[in-house]
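Work through the exercises below with the sequence and the three-dimensional picture side by side. Try each task before you read its solution.

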Amino acid sequence: MLAPKNPSRLLGFAGLCNSADSWMIVPNIKQNHYTVHGLQSGTKYIFIVKAINQAGSRSSEPGKLKTNSQPFKLDPKSAHRKLKVSHDNLTVERDESSSKKSHTPERFTSQGSYGVAGNVFIDSGRHYWEVVISGSTWYAIGLAYKSAPKHEWIGKNSASWALCRCHNTWVVRHNSKEIPIEPAPHLRRVGILLDYDNGSIAFYDALNSIHLYTFDITFSQPVCPTFTVWNKCLTIITGLPIPDHLDCTEQLP
């Protein structure tokens, strides 16, 4: 922010906030600080502040901000009875000794769907999160509509999309159609970039910054991050900014 030459004659400030779509003007700011509400997750913004007095106004240099993605955790109420969710709700592991869990409509049920869902449904914006593969060689990572069946693997129906590993085989799957992919032999961390408004889900080797596959989708419902694990465990890292090398939004002047 630029200070006026005559601070005692300062009448106020005006703020300009720009995303890739349009400018938002915040007039008549009387303090030297202001909180802008309603910013979208995973979005770049430019801010300009004008100091206004009786002689006129003067603008600051543009300030840039990138908002973090939507944070979320795993929903224990959705976890298959043979899965154990950690106390912080960030790690899920296969556990044959898990105690019997009560049935809920959200819970994954059949032997083939050792799944757990995130505790959020996303219906707008761009969001990025990562999954740490902690020794698992049999898992699926993806997104699903609320209407997706709880007795099927994610990706086996038209309401879910997934990247899957079964020992030495990697595929992406949607509506039972599988497409082979070839990630690095020791894939340790998967990045997921969801662009709901533009209709895409992209998977990345997060440690090596390598693109693995992108689904192009016309979403008809909110989507929920969903995970299946048949051995070992997975850990999610959420609330991240979109990495610069993946952020292909138009650069603002």
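Two strands pair if DSSP finds at least two bridges between them, and the strands themselves (E, at least two residues) are DSSP runs, as are helices (H or I, at least four residues), numbered from the N terminus. The model is predicted, so that local features need pLDDT of at least 70 and side-chain atom pairs count only at pLDDT 80 or more, while totals for chains, interfaces and linings use all residues. Residues are numbered from 1 along each chain as its sequence is written, and side-chain values use heavy atoms, with hydrogens and water left out.

**Exercise 1. Take stock of the whole protein.**

State how many helices and strands there are in the protein, and what share of its residues count as buried.

Solution. Begin with the secondary structure: the protein has 0 helices and 18 strands. Next turn to burial, where buried means under 20% relative accessible area, exposed over 50%, and partly exposed in between (1.4 Å probe, protein chains only); 44% of the 253 residues count as buried. Finally consider contacts, meaning heavy atoms within 4.5 Å: among those with a separation of 6 or more, 63% are made by residues 24 or more positions apart.

**Exercise 2. Trace the sheet of 6 strands.**

Find the order of the strands in the open sheet of 6 strands, and say which strands stand at its edges.

Solution. The order is S8-S17-S10-S11-S12-S13, with antiparallel pairing. Strand S8 (115–117) and S13 stand at the edges, and because each has a single partner strand, one side of each is left without a neighbour in the sheet. From one strand to the next, the twist averages 20 degrees. Now follow the pairings inside the sheet. S10 pairs with strand S17 (residues 223–229) over 7 bridges in the antiparallel sense, and S10 also pairs with S11 over 7 bridges in the antiparallel sense. Ala 140 shows both pairings, since this residue stands opposite Thr 228 in S17 and opposite Cys 164 in S11. One step further, strand S11 (residues 160–166) is joined by 6 bridges to strand S12 (residues 169–174), the two running antiparallel, and here Arg 165 stands opposite Trp 170 in S12.

**Exercise 3. Trace the sheet of 7 strands.**

Find the order of the strands in the open sheet of 7 strands, and then look at what Thr 91 touches.

Solution. The order is S6-S7-S18-S9-S14-S15-S16, and the pairing is antiparallel. At the edges are strand S6 (83–85) and strand S16 (210–216), each of which pairs on one side only. Strand S9 (residues 126–134) and strand S18 (residues 233–237) run antiparallel and are joined by 5 bridges, with Val 132 standing opposite Thr 235 in S18. Thr 91 belongs to strand S7 (residues 91–94), and its contacts, leaving aside neighbours within four places in sequence, include Lys 84, Cys 233 and Thr 235. The side chains of Thr 91 and Thr 235 are also joined by a polar contact of 2.8 Å, that is, a pair of N or O atoms within 3.5 Å, of which, within protein, one must be able to donate a hydrogen and the other to accept it, residues adjacent in sequence counting only if both atoms are side-chain atoms.

**Exercise 4. Explore the nonpolar cores.**

Name the residues that touch the most other members of the largest nonpolar core, and the strand that gives the most to this core.

Solution. A nonpolar core is a set of buried Ala, Val, Leu, Ile, Met, Phe, Trp, Tyr and Cys residues joined through side-chain atoms within 4.5 Å. In the largest one, which has 47 residues, Ile 201 and Phe 227 touch the most other members. Strand S10 (residues 138–145) gives the most to this core, with 6 residues. Apart from this core lies another, of 7 residues, including Tyr 128 and Ile 242. Returning to S10, this strand is mostly covered, as 7 of its 8 residues are buried.

**Exercise 5. Compare two loop residues.**

Decide for Phe 72 and for Pro 185: is each residue buried or exposed?

Solution. Phe 72 lies in the loop between strand S5 (63–66) and S6, and this residue counts as buried because its relative accessibility is 3%. Its contacts, again leaving aside neighbours within four places in sequence, include Leu 90, Trp 129 and Phe 227. Pro 185 lies in the loop between strand S13 (177–180) and strand S14 (189–195), and this residue is exposed because its relative accessible area is 60%.

Key: Axes fitted to C-alpha atoms, helices over the stretch in contact; angles between N-to-C directions.
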